[in-house]
Amino acid sequence: MVITGAEIVIRCLQEEKVDYLFGYPGGAVLYIYDELFKQDKVRHVLVRHEQAAIHAADGYARSTEKVGVALVTSGPGATNAVTGIATAYCDSIPLVIISGQVPSAAIGQDAFQEVDTVGITRPCVKHNFLVRDVRDIAETIKKAFYLAKTGRPGPVLVDIPKDITAQKCEFAYPETVSMRSYNPVVKGHHGQIKKALQLLLEAKRPMVYAGGGVVLGDAADKLTALVRKLGFPCTNTLMGLGAYPATDRQFVGMLGMHGNYEANMGMHYCDVLLAVGARFDDRVIGNPAHFSSEPRKIIHIDIDPSSISKRVKVDVPIVGDVGEVLGELLALLDNTAEKPEPQSLGVWWKQIEEWRRRDCLKFNQGEEGLIKPQFVVQKLWEVTGGDAFVTSDVGQHQMWAAQYYKFDKPRRWVNSGGLGTMGFGLPAAMGVQLAHPGSPVACITGEGSIQMNIQELSTCKQFRLPIKVILLNNGFLGMVRQWQELFHGNRYSESYMDALPDFSRLAEAYGHVGIKVDKPGDVEGALREAFKQKNDLVFMDFQVDPTENVYPMVKGGQGLTDMILSAEDL
Amino acid sequence: MTHALQPPPKSSPELDANWLRELLVTQKNTKMRHVISLLIENEAGALSRVSGLFSARGYNIESLTVAPTEDASLSRMTIVTSGSDDVVEQITKQLNKLVEVVKVVDLSESAHIERELMLVKVRATGKDREEMKRMAEIFRGRIIDVTDASYVIELTGTQAKLDSFVGAIDSGLILETVRSGICGIGRGDRVLKV
Ligand SMILES: Cc1cc2nc3c(=O)[nH]c(=O)nc-3n(C[C@H](O)[C@H](O)[C@H](O)COP(=O)(O)OP(=O)(O)OC[C@H]3O[C@@H](n4cnc5c(N)ncnc54)[C@H](O)[C@@H]3O)c2cc1C
Ligand SMILES: Cc1ncc(C[n+]2csc(CCOP(=O)(O)OP(=O)(O)O)c2C)c(N)n1
């Protein structure tokens, strides 16, 4: 059947079983929008800014096992999308972005709304394509989906000139793809896995450090089984939260710059470290020289060889998919009579429990006075039974969300870790809510971050998305203020925002329910009321203590064990 | 690979161990020159993916050459870079990660041959005319363009040979030089092919 390039694009998306396409129209994609109009399998979600289209697709992907898909026009449409694409890239999220381009003959002529989209996005995509022939569209889109979701996932962009969407050719969607230049390793090296098991069984002070790779590889069950079988302590990175159940006794909390005391101490003083789908980020290990000063053996499972021995030298590298490798480790463990030595493991646990008794996350919520931001998150966890999808923006509220909402399941926690993109939370929540229509979705945000994509309240209205926005309003760009307090002599340079809107009334103006909460006693009631409203978006403006800081904190460049635990340590 | 460290004077097990450790540490930390060869899909934009990778990650490029191979769908690149072992390990991993890169080898890990082409335009008048011809012959160069006042000399060889030719002639007589950057190939059985 001979059809146009635009129709081919839509047919490909249908073949990929895309149910939601997040986008914004413009000249270069008009043929594609025309074809969208003529069908109803792929539902289009009209955002209010292209950055939000990408974040929404990203939230959709993070909360499911699927690829998120977005469509933007050439020039400003594509440049607006760049922040979203980079956000997904830094956290290895599988997306396919289709962008319109000026007609082939106009490329290079400084045409209206022409930018070199492939050039601009090259450093922040897993791969990108410029389609030059209508006959290449189907194969290119097939490749894009394949690349996005296999190996280390990531965003893939397909740039299509307008004339090519109007030309016609025969359509057949390829069933398979193979690329001689791209063959990600899936199975781990058997010998290495055996070596790893031996090390684990001999460990006296073991630690399991699991990251986003476990979530991306859908291997939380296997990780949990392995950790339980071994009886080891387990910590998660910010991206790994939910990979191991947070309410389990073997979980020692998040580690890193704002990690738990027991997690950071355990990470530093362990003698065998099993790193699974985590990349030894600078916000995780602090100063690498300090980290390496303590001898330990490191086993590192990662699908991307370039993540291994990049920042920290590893003793047993295992390149492969987490699910595959953990599965093999579990099988080996089942077939051996050997067990970790209980004596030393017992001593190690005693030490960990002692660290845990420092209760590094304690805070004081008085009955009167200001609401503590931590208290709001804790109540949110209680009210939702720990079972909500939670997205967040970037700043202090993000860290409190990570510390006080205990995620027991993977893909429930959706945040921008690698790029740290303010403005991510609300649009991401739209994607999450569309993917999980009946489930509670909360967006924890700050008054700085929410204003970076607040226009999406309009999209939420149009698509009836009953998101619960939890604004921890401290009147400051709080994370910036915290650094200025600690490292710049309390000089709060441009971290205070005057003239904030009345958020609850702003939400009402968009047609949503808005409430303002300023008493600790009202927090729980407000949350309960909000989550009862199954059909409405409720925007809750919590007036919280503006002086609160995030602790524990490891200062930049310091060792992981040099933690500030509370204001008293200052 | 040559290394500046001398073997230990007397051989005792302890000395040997120290010497070896020192050697390994120095090798790991010193910036060594590496010649990396790779095959990449011959597609528009492939070169900018490679050069973009080097600039984005702050890796050195001393030279980079690229041209299609006998299989027109593939290009071959030779990149001369320098870095500590850790950095070079990351460079090869990152190159391998590029979707269009088919194969990567570090030629300098074993026996290989390097060649570079240089064209030099020199002033050739009076007694210099004879002298230039003589120098070209000594270095096995060829004069490929002749005018009343100048020669263009073509020279191939290792980087060092080309450097010494430039050093050997009077710098005042050099009008212009152009070098291709290095092409490299493994010796004997080592073959880079899909
Ligand atoms: C304000 C702020 C504060 C922060 N503070 C902290 C903090 O205190 N603690 C903290 O942990 N982070 C913190 N971060 C986040 C930090 O910047 C990093 O984003 C994060 O630590 C990286 O997590 P990760 O190591 O799990 O890697 P990810 O970025 O999640 O990478 C996943 C890894 O898994 C691999 N992988 C992917 N799929 C698979 C698979 N199928 N099989 C095997 N491997 C796979 C990938 O190759 C990659 O190496 C903070 C961020 C912000 C914005
Ligand atoms: C787009 C963007 N710009 C700037 C920053 C730097 N930054 C990190 S946290 C932060 C403050 C965030 O303030 P707010 O959203 O009010 O949250 P709070 O820290 O007060 O909880 C800023 C400006 C960023 N992460 N993203």
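These legends walk through several close-up views of a predicted model.

**View 1. Ligand 1 and the residues around it.** Start with ligand 1, which has 35 residues around it. Gly212(A), Thr237(A), Asp302(A), Ser307(A) and Asp321(A) come nearest. By type, the shell splits into 13 nonpolar, 15 polar and seven charged residues. Helix 9 (212-216), helix 12 (282-285) and helix 17 of chain A each chip in at least two residues. Helix 9 of chain A gives the largest share, three residues.

**View 2. Polar contacts of ligand 1.** Zoom in on the oxygen atoms of ligand 1 and look for their partners in chain A. Arg279(A) reaches in with its side chain, placing a polar atom 2.8 Å from one oxygen atom of the ligand. Gly277(A) uses its backbone instead, with an N or O atom 3.2 Å from an oxygen atom of ligand 1. The backbone of Gly417(A) does likewise, at 3.1 Å. How much of ligand 1 does the protein cover? On its own the ligand has 990 Å² of accessible area, and the protein covers 97% of that.

**View 3. Ligand 2 and its contacts.** Ligand 2 is surrounded by 17 residues. The closest are Gln396(A), His397(A), Gly420(A), Ser449(A) and Gly478(A). Three of these names come back when you check the polar atoms. Gln396(A) offers a backbone N or O atom, 2.8 Å from an oxygen atom of the ligand. His397(A) brings a side-chain N or O atom to 2.8 Å from an oxygen atom of ligand 2. For Ser449(A), a side-chain N or O atom sits 2.7 Å from a ligand oxygen atom. Taken alone, ligand 2 has 590 Å² of accessible area, and 76% of this is covered by the protein. Which elements give two or more residues to the shell? They are helix 17 (396-404), helix 19 (447-450) and helix 21 (478-487) of chain A. The shell holds seven nonpolar residues, nine polar ones and one charged one.

**View 4. A salt bridge inside one helix of chain A.** Across all chains, the whole structure has 41 salt bridges, and here is one of them. Glu382(A) pairs with Lys379(A), with the closest N and O atoms 3.0 Å apart. Both residues belong to helix 16 (residues 373-383) of chain A, and they are three residues apart, about one turn of the helix. Are the two partners buried or exposed? Glu382(A) is partly exposed because its relative accessible area is 36%, whereas Lys379(A) counts as buried at 14%.

**View 5. Two salt bridges that involve strand 8 of chain B.** Now move over to chain B. Glu176(B) and Lys121(B) form a salt bridge, their closest N and O atoms 3.6 Å apart. Glu176(B) is in strand 8 (residues 174-186) and Lys121(B) in strand 5 (residues 112-123), so this pair ties together parts of chain B that are 55 residues apart in sequence. Both count as partly exposed, Glu176(B) at 46% relative accessibility and Lys121(B) at 31%. Next, Asp163(B) and Arg179(B) meet through their side chains, 2.9 Å from N to O. Asp163(B) lies in helix 5 (residues 159-168) and Arg179(B) in strand 8, so the pair links parts of chain B that are 16 residues apart in sequence. Asp163(B) is partly exposed at 42%, and so is Arg179(B) at 32%. Elsewhere, salt bridges that share partners join Lys313(A), Asp86(B), Glu89(B) and Lys93(B) into one network.

**View 6. The annotated domains of chain A.** An unreviewed UniProt entry annotates residues 4-119 of chain A as "Thiamine pyrophosphate enzyme N-terminal TPP-binding". That span is 44% helix and 18% strand, with its end C-alpha atoms 27 Å apart. The UniProt annotation "Thiamine pyrophosphate enzyme central", also from an unreviewed entry, covers residues 193-329 of chain A. Here the end C-alpha atoms lie 7 Å apart, and the span is 38% helix and 20% strand. For residues 393-539 of chain A, the unreviewed UniProt label reads "Thiamine pyrophosphate enzyme TPP-binding". The ends of this span are 15 Å apart between C-alpha atoms, and its content is 39% helix and 14% strand.

Technical notes: Residues numbered from 1 in each chain as written. Chains lettered and ligands numbered in written order. Predicted model: local features only at pLDDT ≥ 70, side-chain atom pairs only at ≥ 80, totals over all residues. Heavy atoms only, no water. Near = heavy atom within 4 Å. Polar contact = N/O pair within 3.5 Å; in protein donor to acceptor, adjacent residues only side chain to side chain. Areas by Shrake-Rupley, 256 points an atom, 1.4 Å probe, with all protein chains shown as cover. Helix = DSSP H or I, 4+ residues; strand = E, 2+ residues; numbered from the N terminus. Nonpolar A, V, L, I, M, F, W, Y, C, P; charged D, E, K, R; others polar. Salt bridge = Lys/Arg side-chain N within 4 Å of Asp/Glu carboxyl O. Buried < 20%, exposed > 50% of the residue type's maximum accessible area, 1.4 Å probe, protein only. UniProt positions renumbered as here; feature names shortened; annotations may be inferred.
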